[in-house]
Amino acid sequence: MSGKVVGVIGAGAWGSGLAQALARGGHSVQIWAREQDVVDAINNSHENKRYLPGFPLSENLTASTDIKQVAADKEFLILASPSLYLASTLKQILDVPSIADGSTCIGVLTKGFIPSDDGPKLILETLEGVLPEAYKNSLVYIAGPSHAEEVAMGKITGLIAASENPKNSIRFRELLKVPGLMVYSSLDVIGVQICAAAKNVIAVVYGSMDAVSENSDCFGDNTESLLLAAGLNEIQQLGFAMGATHAETFTSIAGVGDLDVTCRSKYGRNRRFGQDIIKTDLLSKFKNLDDLISRISEIGYLPEGAVACKYVHQIAEKHNLKLLICDGLYRILNKEIKPDDFLKELMGQSLELR
């Protein structure tokens, strides 16, 4: 595929990392950021000093604070805003002609759930309710074990492009066929989204156990692998309850692959959050989970698992699911149990591994 003109909405680490991969591969990429200092740094120093510091960016990648201009007349548009702000951000570009007429092919990187009057909704379902009818069943969800730092460096990374529209999945797969990226198609849009959102919840608990294990006679590498396996089972339970269609989604890079890298990588913000809960008593400044979410910017980085935890809890209650790990994190963040006590309680039970 010859070089394309691509827009990226959201200049966080992941949006910037994928934008850099596309730009390095010969595409002309423009990225939108709210912050003028981020735009100036990308355009003048070829570095996102706020969200992806230390990684040089291609001259094929430029930035702007004008969201409509970034979205306009692009063959491909990638949405990378955090789940907390995604819907409101999208509404700013609905009157862009190429969006209004459905001619732009849209891919989504955002992980998590979005609240509604009917309970938590998946990302694509929410976006379809905002976008023109032309985008119904045609959005592409992009996920996989893909820390932004390694993608920016060009290290080999596998991604899933999931869509109910096979043609659009293939179009994004071809767009992303750049050095360092290996992209696969999937029709299991729900399953891939659940994996991407719920693995962050498991990773927070994993990070807490990792911190505790440094001074523990009970927890070690074996225990962490037990937690990872049990966490994958909870993700699969959640996925099937929500309508996932393919069991292999959970044993692919969308499931076990993304869960593994999120739990184990030094770049993982959710793992770091779990560690900080133990090492710095981070939760002491918050009253409960809702207070934490409303003041999440005070943490200094965005642990998506803390937000997703609330919605996973609501979905589990609705479907009468027994998710010991996910429920445990909800209780920790809601100040109902102390992290150390929960981990001991968790390992005193028979974790579900089927």
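This is a short tour of a predicted model, stop by stop, with something to select at each one.

**Stop 1: H9 and H12**

Select residues 189–213, which form helix H9, and residues 253–264, which form helix H12. Their axes come within 9 Å and cross at roughly 30 degrees. Angles under 35 degrees count as roughly parallel, so H9 is roughly parallel to H12. If you look at the handedness, H9 passes H12 in a right-handed crossing.

Now show side chains. On the H9 side, pick Val192, Cys195, Ala196, Lys199, Asn200, Ile202, Ala203 and Tyr206. They meet Ala254, Gly255, Asp258, Leu259, Thr262, Cys263 and Arg264 in H12. Color this contact by residue class and you get 9 nonpolar, 3 polar and 3 charged residues.

**Stop 2: Thr249**

Keep those side chains on and add threonine 249, in helix H11 (residues 248–251). Is threonine 249 buried or exposed? Its relative accessibility is 6%, so it counts as buried. Leaving out residues up to four places away in sequence, threonine 249 touches Asp188, Gly191, Val192, Cys195, Ala254 and Gly255. Some of these names are familiar from the previous stop: Val192 and Cys195 belong to the H9 side of the contact with H12, and Ala254 and Gly255 to the H12 side.

**Stop 3: Glu224**

Next, go to helix H10 (residues 221–242) and select glutamate 224. With 4% relative accessibility, glutamate 224 counts as buried. Which residues does glutamate 224 touch, not counting those up to four places away in sequence? Select Tyr206, Met209, Asp210 and Ser213 to see them. For a distance check, draw a C-alpha to C-alpha line from glutamate 224 to glycine 207: they are 17 residues apart in sequence and 9.4 Å apart in space.

**Stop 4: H13**

Select residues 269–279, helix H13, and bring up its buried residues: Asn270, Arg271, Phe273, Gly274, Gln275, Asp276 and Ile277. What do the buried residues of H13 pack against? Two of the partners are H9 and H12. The others to select are helix H14 (289–294), helix H15 (304–319), helix H16 (324–333) and helix H17 (339–347). Before moving on, click aspartate 281 just after H13, where phi is positive at about 50 degrees.

**Stop 5: H2**

Now jump to helix H2, residues 36–45, where the buried residues are Val38, Val39, Ala41 and Ile42. Look down the axis: these residues cover an arc of only 165 degrees, so they sit on the same side of H2. Turn on strand E2 (28–32) and strand E3 (61–64) to see what the buried residues of H2 pack against. Histidine 46 follows H2, and its phi is positive, near 55 degrees.

**Stop 6: two loops with positive phi**

Some background before the last picks: most residues other than glycine have a negative phi. Select aspartate 73, in the loop between helix H3 (67–71) and strand E4 (76–79). Aspartate 73 has a positive phi near 60 degrees. At 66% relative accessibility, aspartate 73 counts as exposed.

Finish at asparagine 320, in the loop between H15 and H16. What is phi of asparagine 320 near? The value is near 55 degrees, which is positive, in a residue other than glycine. Asparagine 320 is exposed, with a relative accessible area of 71%.

Technical notes:
Residues numbered from 1 in each chain as written. Predicted model: local features only at pLDDT ≥ 70, side-chain atom pairs only at ≥ 80, totals over all residues. Heavy atoms only, no water. Axes fitted to C-alpha atoms, helices over the stretch in contact; angles between N-to-C directions. Helix = DSSP H or I, 4+ residues; strand = E, 2+ residues; numbered from the N terminus. Parallel < 35°, antiparallel > 145°, perpendicular 65-115°, else oblique. Left-handed = near helix turned anticlockwise from the far one by under 90°. Contact = heavy atoms within 4.5 Å. Nonpolar A, V, L, I, M, F, W, Y, C, P; charged D, E, K, R; others polar. Buried < 20%, exposed > 50% of the residue type's maximum accessible area, 1.4 Å probe, protein only. Arc of directions from axis to C-beta.
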